[in-house]
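Reader: I'd love a close look at the aromatic pairs in this one. Could you walk me through how the rings are arranged and where they sit?

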Amino acid sequence: LAMCVNGFSKVGSLQDDRALWKSLRKTVITVTPRMNSQDIANCVVGFSKIALLRHDNLLWETLATAIVVKREQLIGQHVAMCVIGFAKVELLSHRVWEVLADATLAVLPRMSPRDVADSVSAFSKVEALFGNEALWIALARATAASSHTMSAFNLGSCVNGFSKIESVLNSKTLWRALKAAVVNAAASMNSQSTANCINGFAKVPLFHNDRELWTALSAAAQSCMMSANPFGLACSVNGLSRVPLLLEDLELWENLAQATLSVAESMNAQDVANCANGFSKLPLLRKEQPLWDALARTAVSVAQELTPQGTSNCVIGFSKVGSKLGDEGLWHALGGAAAGLAPMMTPENLASCVGGFSEVQLLLRDRKLWGVLSRAVFGWVKHLSTRHMVGCVTGFSRVELLSDDRVVWRALAKATVNLAKDMKPHQLVSCVTGFGTVSFLLSEEQPWKALASAVVVVAPEVSPEGLASCQSVFSKVSLLGKDAALWEALRGAACGKS
């Protein structure tokens, strides 16, 4: 029975056969208590591939309970199979994942390199376990010891998986072992494995300037470029754009642009978002009209399928391309997507959307869009980081519709009191300039004193243009007129610059 579940799940034409899967589901639930660990693993992997069963509470609770009961019998391969299968299901309790994590730790010394890689890949999809340091340190050690024998696919899975886990991002032993193995295997990687390695290593500061690694990965990306699936190609574009070392490689980026142009029409929402975000970081490519026209057409057609992250990537990407700022169809599609997704956006997504949309003249009068975005930002205002705060202040200051929104502006000003001291010089200038456009805030004592105190500390590092902006705004704030320390700092910094 378990072998039938696993076998039939691999046959595409049977995956939507409702009668077959309902019958198998019913029987499995009945006999699960008599199954051994291999039977359970086969059922978990098989059923996880069937979309119509992924939200079946009774089925997954039954299989999860069986795993808890049989945990002492689990061997490495069975653990890896269960982790892979359960990672596709969002119904499991934290208790089940802890059992699987404990089972993995128990059998890890006997796991094959493939099972180790599968476990890394699957656990990296379970946010509830991101903080389980014992699990990740053990997986990192096992991976470092066996990476030289892993396949290209397994290496890609490990690099991509570990790059999401903060507790191992600085593990030199792990990343050096993975780097050495990836450099050796790069020539045999397919587009997906290449993309996984590119995106993973791009998140590891230790390798941002490693020419050997990026030469190997960029060569791999180019070698499989024309046979790349849109997803792998788009992931490579987004990942490579994060590597400063490669941003001057014009041949690489022209080849990536040409390959993208050939598959743009078949891209899904995530692919378009990754390409818009990646290509927009290269000033020379912002003038590639055919590329951006193709991406814009696809973005319009898939806008309703965008995720919050995808929407923010598209907004920030297309907003950097001058020729697309007047594309009414594109921006109305992206504005509509953002308006629907704003309540689900993170502070980073919101800051990107606020900043990007504020550059688009034809959207500055869209009352619905800005109303939704300002309410969403207000909901997060106590949790905004310095960077996100500055992005929202700068963006909102360009939107005349919001100039009288006292609720949002006062909330941002209040939050700035605690953040100002940690701001970089250019961030302080942006905040001072942004708040200076809001007339009713000029009499608010606390935010201006906080900003003034912070500017005094960093004044020597502020650019001449920034100093001029600060002087202009501060001169309008009457309560700062007698702040001797502020004006002396600004005067001294200005003299130093001159």
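Author: Happy to; here is a walk through the aromatic pairs, with a short stop at a surface patch at the end.

Please keep in mind that this is a predicted model. Across the whole structure, a search turns up 14 aromatic pairs. Let's begin with Trp-136 and Phe-162, whose ring centres are 6.0 Å apart with 75° between the planes, an edge-to-face arrangement. Trp-136 belongs to helix 8 (residues 133-146) and Phe-162 to helix 9 (residues 152-162), so this pair ties together parts that are 26 residues apart in sequence. How accessible is Trp-136, buried or exposed? Trp-136 counts as buried because its relative accessibility is 0%, and Phe-162 is likewise buried, with a relative accessible area of 0%.

Next come Trp-175 and Phe-201: their ring centres lie 5.7 Å apart and their planes meet at 65°, so this pair is edge-to-face. Here Trp-175 sits in helix 10 (residues 172-185) and Phe-201 in helix 11, so the pair ties together parts 26 residues apart in sequence. Both Trp-175 and Phe-201 are buried.

Elsewhere, ring pairs join Trp-60, Phe-86, Trp-97 and Phe-123 into a cluster.

Finally, back to helix 11 and what comes after it. The loop between helix 11 (191-201) and helix 12 (211-223) holds Lys-203. With a relative accessible area of 34%, Lys-203 is partly exposed. On the surface, Lys-203 gathers with Lys-88, Lys-125 and Lys-164 in a patch of positive charge.

Notes:
Residues numbered from 1 in each chain as written. Predicted model: local features only at pLDDT ≥ 70, side-chain atom pairs only at ≥ 80, totals over all residues. Heavy atoms only, no water. Patch = residues over 30% accessible without salt bridge, like charges linked within 9 Å, V, L, I, M, F, W, Y side chains within 5 Å. Areas by Shrake-Rupley, 256 points an atom, 1.4 Å probe, with all protein chains shown as cover. Salt bridge = Lys/Arg side-chain N within 4 Å of Asp/Glu carboxyl O. Lys, Arg positive; Asp, Glu negative; His and termini not counted. Charge placed at Lys NZ, Arg CZ, Asp CG, Glu CD. Helix = DSSP H or I, 4+ residues; strand = E, 2+ residues; numbered from the N terminus. Buried < 20%, exposed > 50% of the residue type's maximum accessible area, 1.4 Å probe, protein only. Phe/Tyr/Trp six-rings, centres within 6.5 Å; stacked < 30°, edge-to-face > 60°.
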